[in-house]
Amino acid sequence: MLLALAFTSQRSAGVAPPATVEQRSVDGVCSQVVTSFDSTTTWAAPIGESKLRRVDRDQLGLTGCRVDPDPNRR
């Protein structure tokens, strides 16, 4: 019985998954934006980076962003 309990997954009250994940511009930089379910907390990471940082909603630009594939035009 103890062995069965030790390997049975337990549910815990963890953090809810994000409500949305989208590409938007943040301060003019194309980023991956994650928003919480209550829409009060938003995180962003520039495209190609993985470290999220907290951002204010007023820093967000339009939904979507264009990325020029030619690095010579940046």
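Begin by selecting Arg24, which lies in strand 1, and keep in mind while looking at it that the model is a predicted one. Is Arg24 buried or exposed? With a relative accessible area of 13%, Arg24 is buried, because the limit for that class is under 20%. Display the side chain and follow it to the backbone oxygen of Gly61, which it reaches at 2.8 Å. If the selection is then widened to the contacts of Arg24, leaving aside neighbours within four places in sequence, it takes in Val29, Cys30, Ser31 and Val33, together with Arg57, Leu60, Gly61, Leu62, Thr63, Gly64 and Cys65.

Next, add Glu22 to the view. The side chains of Glu22 and Arg24 meet in a salt bridge, with 3.6 Å from N to O, and the count of salt bridges comes to one. Side chains of opposite charge can pair when their charged atoms come close. The two partners fall into separate burial classes, since Glu22 is partly exposed at a relative accessible area of 22%, whereas Arg24, at 13%, counts as buried.

From here, select residues 20-26 and 29-35, which are strand 1 and strand 2; the two run antiparallel and are joined by seven bridges. Within this pair, Glu22 stands opposite Val33 of strand 2, and Val26 stands opposite Val29. Where the chain passes from one strand to the other, the two strands form a hairpin with two residues between them, and Asp27 in that turn has a positive phi of about 55°. Colouring strand 2 by accessibility is worthwhile at this point: it is largely enclosed by the rest of the structure, because five of its seven residues are buried.

Now extend the selection to strand 3, residues 42-46, which runs antiparallel to strand 2 and is joined to it by five bridges. Which residue of strand 3 is the bridge partner of Val33? The partner is Ala44. The hairpin of strand 2 and strand 3 has six residues between the strands, and Ser39 in this hairpin takes a positive phi near 60°.

Stay with Ala44 and show what surrounds it. Not counting residues up to four places away in sequence, Ala44 touches Val26, Ser31, Gln32 and Val33, and also Lys51, Leu52, Arg53 and Val55. Ala44 is also one of the five residues of the largest nonpolar core, the others being Val26, Val33, Val55 and Leu60; selecting these five together brings back Val26, already seen opposite Val29, and Leu60, already seen among the contacts of Arg24.

Move then to Ala19, in the loop between helix 1 (2-7) and strand 1. Ala19 counts as partly exposed, at 37% relative accessibility. Its C-alpha atom is separated by 5.2 Å from that of Ser36, although the two residues are 17 apart along the chain. Setting aside residues up to four places away in sequence, Ala19 touches Thr35, Ser36 and Phe37.

Finish by colouring the chain by pLDDT, for which the mean is 78, with 69% of the residues reaching 70 or more. Which elements have the lowest and the highest mean pLDDT? Helix 1 has the lowest, at 49, and strand 4 (residues 53-55) the highest, at 95. Over residues 1-5 the pLDDT stays under 50, and for this stretch the model has one contact beyond four places in sequence.

Note on methods:
Residues are numbered from 1 along each chain as its sequence is written. This is a predicted model: local features need pLDDT of at least 70, side-chain atom pairs count only at pLDDT 80 or more; totals for chains, interfaces and linings use all residues. Side-chain values use heavy atoms; hydrogens and water are left out. A salt bridge is a side-chain nitrogen of Lys or Arg within 4 Å of a carboxyl oxygen of Asp or Glu. Buried means under 20% relative accessible area, exposed over 50%, partly exposed in between (1.4 Å probe, protein chains only). Two strands pair if DSSP finds at least two bridges between them. Helices (H or I, at least four residues) and strands (E, at least two) are DSSP runs, numbered from the N terminus. Contact means heavy atoms within 4.5 Å. pLDDT is the predictor's confidence in each residue, from 0 to 100. A nonpolar core is a set of buried Ala, Val, Leu, Ile, Met, Phe, Trp, Tyr and Cys residues joined through side-chain atoms within 4.5 Å. A polar contact is a pair of N or O atoms within 3.5 Å; within protein, one must be able to donate a hydrogen and the other to accept it, and residues adjacent in sequence count only if both atoms are side-chain atoms.
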